[in-house]
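This briefing concerns one protein model and the ligand placed in it. Two topics are taken up in turn, the ligand site and a patch on the protein surface.

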Amino acid sequence: MIWIGKGVRTVEAMNLTVALTGASGAIFSRELLRALEADERVSRVHFVASENSLRVLAEELGLSGRSGLVEKLLGAPPIKTVQLSDSDIGAAIASGSHPSGGMIVLPCSMGTLAAIANGLANSLITRAADVTLKERRPLLLCVRETPFNRIHLRNMTLAAEAGAVIFPVIPAFYFKPADSTVMARQFVCRVLAHIGLPQPGTYVWKADE
Ligand SMILES: Cc1cc2nc3c(=O)[nH]c(=O)nc-3n(C[C@H](O)[C@H](O)[C@H](O)COP(=O)(O)O)c2cc1C
């Protein structure tokens, strides 16, 4: 992302990191990957799924195994999305020298939130998040749990104080989504607008219509 002149922001071809963790809401991650694959402003998506996310993927989307996961989520071979192992702490996204437009953790479990908030950096997901924060790049933590205990709330505050955006998986209902895919897609539109990638088809509330 670059800034031109008096605060005019344009988006150059962007690398983004997407992490999927073991919180409920795999459908949101699927819609995020689909939107990024279709977005010409995005050149490369590095995708990391935690070990525990696989259990949730099986429960929620009926997808099994790590192999070919991106293709299974997209429903087509990926063009720009590369899957990395969460144990590969030597991957490019583990270094601040790798150019990146930011990182989205969707959904973000309370376990991963805790690790990021406390700087554990002991897996690729948590290391890449740590790097994103230290490089002052956008880090969106789409947390999902209910209800929150005090540890969750403290960790959200810690992460926010370190520069992360707490972007809870709380979809909107005022546009009367026809199904969960539409609901997830519109949530993803809000996420991507937040990092400078407004999407076609985003519902915009107009109070007088
Ligand atoms: C079906 C299912 C749903 C879950 N939903 C959540 C959730 O919404 N939020 C959460 O924090 N953990 C949830 N968990 C628990 C996490 O998967 C678990 O804490 C795990 O250790 C997180 O690991 P990770 O952060 O490395 O992916 C769920 C587990 C299962 C099996």
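The points below describe the ligand site and then the surface patch. The model is predicted. The shell around the ligand holds 13 residues, and the protein buries 67% of the 640 Å² that the ligand exposes when taken alone. Elsewhere in this briefing, a nonpolar surface patch of about 350 Å² is described.

**Residues around the ligand**

- Among the 13 residues around the ligand, those that come nearest are Gly 22, Ser 50, Ser 109, Thr 112 and Arg 144.
- By residue class, the shell comprises seven polar, three charged and three nonpolar residues.

**Polar contacts with the ligand**

- Ser 109 places a polar side-chain atom 2.5 Å from an oxygen atom of the ligand.
- Ser 24 contributes through its backbone, where an N or O atom lies 3.1 Å from a ligand oxygen atom.
- Glu 145 has a side-chain N or O atom 3.4 Å from a nitrogen atom of the ligand.

**Burial and contributing elements**

- Of the 640 Å² exposed by the ligand taken alone, 67% is buried by the protein.
- Two or more residues of the shell come from each of the helices α2 (53-61) and α4 (110-117).

**Nonpolar surface patch**

- Tyr 174, Tyr 203 and Trp 205 together make the nonpolar patch of about 350 Å².
- Tyr 174 belongs to the loop between β8 (165-166) and α7 (180-194).
- Tyr 174 counts as partly exposed because its relative accessibility is 40%, and partly exposed residues fall between the limits of 20% and 50%.

Methods: Residues numbered from 1 in each chain as written. Predicted model: local features only at pLDDT ≥ 70, side-chain atom pairs only at ≥ 80, totals over all residues. Heavy atoms only, no water. Near = heavy atom within 4 Å. Polar contact = N/O pair within 3.5 Å; in protein donor to acceptor, adjacent residues only side chain to side chain. Areas by Shrake-Rupley, 256 points an atom, 1.4 Å probe, with all protein chains shown as cover. Helix = DSSP H or I, 4+ residues; strand = E, 2+ residues; numbered from the N terminus. Nonpolar A, V, L, I, M, F, W, Y, C, P; charged D, E, K, R; others polar. Patch = residues over 30% accessible without salt bridge, like charges linked within 9 Å, V, L, I, M, F, W, Y side chains within 5 Å. Salt bridge = Lys/Arg side-chain N within 4 Å of Asp/Glu carboxyl O. Buried < 20%, exposed > 50% of the residue type's maximum accessible area, 1.4 Å probe, protein only.
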